[in-house]
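Colleague: Could you take me through a close look at one part of this model, and then follow the thread to whatever else you think belongs with it? I would be glad of a connected account rather than a list.

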Amino acid sequence: MNDQTPTTVERAEKLQGLGCKRKRVEDARFTQGKGHYVDDIKLPGMLFGDFVRSPYGHARIKSINKDAAMAVPGVVAVLTADDLKPLNLHYMPTLAGDVQAVLADEKVLFQGQEVAFVVAENRYVAADAVDLVEVDYEQLPAINNAFKAMDENAPLLREDIKDKMDGAHGPRKHYNHIFNWSVGDREDTHKAIEGADVVAEELITYQRVHPCPLETCGCVASMDKVNGKLTIWGTFQAPHAVRTVASLITNIPEHNIRIISPDIGGGFGNKVGVYPGYICAAVASIVTGVPIKWVEDRMENLTSTAFARDYHMSGKIAATRDGRITALDCHVLADHGAFDACADPTKFPAGFFNICTGSYDIPLAHVSVDGVYTNKAPGGVAYRCSFRVTEASYFIERMIDILARKLDMDPAEIRMKNFIRKDQFPYTSALGWEYDSGDYETALDKAMKTVDYAGLRAEQNANREAFDRGETRKLMGIGVAFFTEIVGAGPVKNCDILGLGMFDSCEIRIHPTGSAIARLGTISQGQGHATTFAQILASEIGIPADQITVEEGDTDTAPYGLGTYGSRSTPVAGAATAMAGRKIRAKAQMIAAYLLEVHEDDLEWDVDRFQVKGNPEQHKTMAEIAFAAYNQAIPGLEPGLEAVSYYDPPNMTYPFGAYICVVDVDVDTGVTDIRRFYALDDCGTRINPMIIEGQVHGGLTESLAIAMGQEIAYDEIGNVKGSSLLDFFLPTAVETPAWETDYTVTPSPHHPIGAKGVGESPNVGGVSAFSNAVNDAFAHKGLTHTQMPHDHWRVWKTAEKLGLNG
Ligand code: PCD
Ligand SMILES: [Cu+]
């Protein structure tokens, strides 16, 4: 071949492989308004479905009268629980092993619960008819406080399971109790705490919040009665799992169900679960034989689809007088709302909360979690955190600060002192996880040097003195947070969802002219998979990323996978991609050996070609090999060049980071200015540094939202107080500071390319950094802990309680 022999470096650059700041290929369509979302799907004859929802937090349904609604021109059907009962679809299984009412049966258990499904010609007619469905309710006392759920005379919420004393995760202690889950050495931990030099104790509440993606949840269900095929386009973060569940509950054979996730406008865990809207749309399509669209509005999204957090964590942390942590104990009261629809791997009802020993070498620990029912919406999703990891990380990061205060130690110093050291990896924690790799001291050290931590503390001391002299009304706070995430669920031996092992997959086809298509079991919601997975492959198989199409989200074409959430795509599907690429390369090597008439072992791989060792002029490029695969009869080899890999990771990956936040709190107004936010992330091998930076910006912005304002609160009778964007805080560019990002690289030893997840990390680290900063601003005035969100009102109240307001 007569090429101009570019250098190895030039050839590698052309591939735009690992480490390249490749521009996102998706953005050509997103920035031109050419994305294709669920609501863009318009099928001939399509009808629209809309819900009648409960105005009450807890009430008995005495009767439902559909007559007036049915009389509206354009209304085709009004479904209630009674219509679903003959199909056995009035309840559906949840991801957590509970059941959830698809349409309320005799009782409503939370405000916004689905009561009836109106099917009409269009969205407007449906909305009119929704108002005309007459439901006669008898209001019942509601529980809005998890601490009262197991009171002796607490109202009974779940009449449907009141006599079931065993739940999906073992015995229930009370009719409003869901499960108890405990890990660690209870006795020795309690003993160590009793005998400790110093113990810090606190109740840390992580308030209920909502992921609130730009696009709400929705679907279009289309039953083709002639061919017996049900197709559902929907905002699904796990399309294959949805197909399996849909088959199990409808009895339609799985090969006759096709689930398609088109473009998704943000997921953030909100689109992992199964909602009544999907079931009702499918049933309505099966009954009417025409396609049905259901798309939530913003208020429906905020009040009825999956919330996150709502964890009350009572902790004790013990240490020696010189600041060596000896034990950690945590009892969690988990508010799961009216149905247990928490999205976690099946064996982990509290997710990976037992990562709560954080980044520290804590010899003894014990965790016990009780889940309870309340009159709130069901859910319990990640919201940019792998299965309760942000709760765990927030808990330990607050506890460490509180302990530091008690010991009169600097928050950074106590962290340094207790870190799991570099030479301890792989490290097994007291609560059972095996951390794959880390270098925490280097990361925190780099962070402290970059922000001039010592200088900041000196400035803070000067500010405190000036405040006391009455020269300023602002207090400076410095928040230090260090986190370890656990992402990439996960090893099939311990992670499954309803029995489906959490592996993932990639299937690659190389076309004769040397371009390729790769299909994966995951689904991007904005992360940029089409860009980054092509980069992994480019480096593995020497085909430029621009010549590789990445396709996800269609169960008829993609190999089976468990979807995208919990930052698992890179650790699991990314690994599958590399492994499938290696299979391609192995076959390519055999083809090259045949073409070059040498033994396979005499060949070496060089960026985009196999060359004869010691004689690089003698080579075959990947493009030449691809063509030969389709054009020559090679003895002993099948034609074609394809590979598939199903990857079961040997372990999770453990990304980590050091974050430092500087705030100025105005004690008279409670307004907190974010002066500076520095985030150092270590996600192992970096595939696309520009995408990583975007991921970190996005995650930090969500952490700002949570720490500084978001809350889905309920009043005593069960009204949701944060049901619109007037009350629910969504930061805009105005509130969002300029983020400073940085990194170190500690590869995962078990991942084929050493990459760890990163999408969720910034939320996990960010929330603690903000909250620690606000708490730190008042620390010298005696504050140990104040609850999130740190909105102006709460911060002002804190200042007032401490006697700082005139
Ligand atoms: N080392 C590394 C890692 C990573 N990467 C990149 O980055 C991204 C991300 O990744 P990850 O971490 O693996 O993750 P994923 O799986 O893919 O995803 C998931 C996540 O992602 C995040 N991010 C985001 N973005 C956007 N745009 N959108 C969205 O929605 C979202 N979401 C969020 C969340 S929430 Mo969950 O669901 O709660 O659980 S989880 C989550 C992608 O693209 C990748 O490729 C790179 O480059 N490198
Ligand atoms: Cu305990």
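Colleague: Let us start with a single arginine: does R53 count as buried or exposed?

Modeller: Happy to, and please keep in mind that this is a predicted model. R53 counts as buried, because its relative accessibility is 16% and the limit for that class is under 20%. The residue sits in strand β1, which covers residues 47-53. Its side chain has two partners to look at. One is the backbone oxygen of G112, which the side chain of R53 reaches at 2.8 Å. The other is the side chain of E114, joined to that of R53 by a polar contact of 3.2 Å.

Another arginine makes a useful companion. R794 belongs to helix α19 (residues 792-801) and counts as partly exposed, since its relative accessibility is 25%. The C-alpha atom of R794 is separated by 31 Å from that of A343, and the two residues are 451 apart along the chain.

From there, let us go to the copper ion, ligand 2. Its protein donors are H190 through NE2, D329 through two OD atoms, H331 through NE2 and H366 through ND1, and they lie 2.1 to 2.7 Å from the ion. Along the chain, these donors follow the spacing H-x138-D-x1-H-x34-H. H190 and H366 link distant parts of the chain: H190 is in helix α6 (residues 186-194), H366 is in strand β19 (residues 364-372), and these positions lie 176 residues apart in the numbering. The two histidines also fall into separate burial classes: H190 is partly exposed because its relative accessible area is 21%, while H366, at 3%, is buried.

Ligand 1 is the next stop. The shell around it holds 35 residues, of which R384, H529, T570, Q695 and V758 come nearest. By residue type, that shell divides into 12 nonpolar, 19 polar and 4 charged. Among the polar atoms facing the ligand, a side-chain atom of H529 lies 2.6 Å from a ligand oxygen, and a side-chain atom of S567 lies 2.8 Å from an oxygen of ligand 1. The backbone takes part as well, with a polar atom of Q525 placed 3.4 Å from a nitrogen of ligand 1. Helices α14 (529-541), α15 (569-596) and α17 (689-708) are the elements that each give two or more residues to this shell.

Of these, α14 deserves a pause. It has 13 residues and reaches 18 Å from its first C-alpha to its last, close to the 18 Å expected at 1.5 Å a residue. Since 12 of its 13 residues are buried, α14 is largely enclosed by the rest of the structure. H529, the residue with the ligand contact just described, is among those buried positions, together with others including F533, L537 and I541. G542 follows the helix, and its phi is positive, near 70°.

Last, the cysteines. A search of the whole structure finds 0 disulfides. For C219, distance explains why: its sulfur is 9.5 Å from the closest cysteine sulfur, in C280, too far for a bond. C219 counts as buried, at 0% relative accessibility. C661 is buried too, with a relative accessible area of 0%, and its sulfur cannot pair either, because the closest cysteine sulfur, in C385, is 20 Å away, too far for a bond.

Note on methods. Residues numbered from 1 in each chain as written. Chains lettered and ligands numbered in written order. Predicted model: local features only at pLDDT ≥ 70, side-chain atom pairs only at ≥ 80, totals over all residues. Heavy atoms only, no water. Near = heavy atom within 4 Å. Polar contact = N/O pair within 3.5 Å; in protein donor to acceptor, adjacent residues only side chain to side chain. Helix = DSSP H or I, 4+ residues; strand = E, 2+ residues; numbered from the N terminus. Nonpolar A, V, L, I, M, F, W, Y, C, P; charged D, E, K, R; others polar. Donors = N, O, S within 2.8 Å, 3.2 Å for Na, K, Ca; no water. Buried < 20%, exposed > 50% of the residue type's maximum accessible area, 1.4 Å probe, protein only. Expected span 1.5 Å × (residues − 1). Disulfide = S-S within 2.5 Å.
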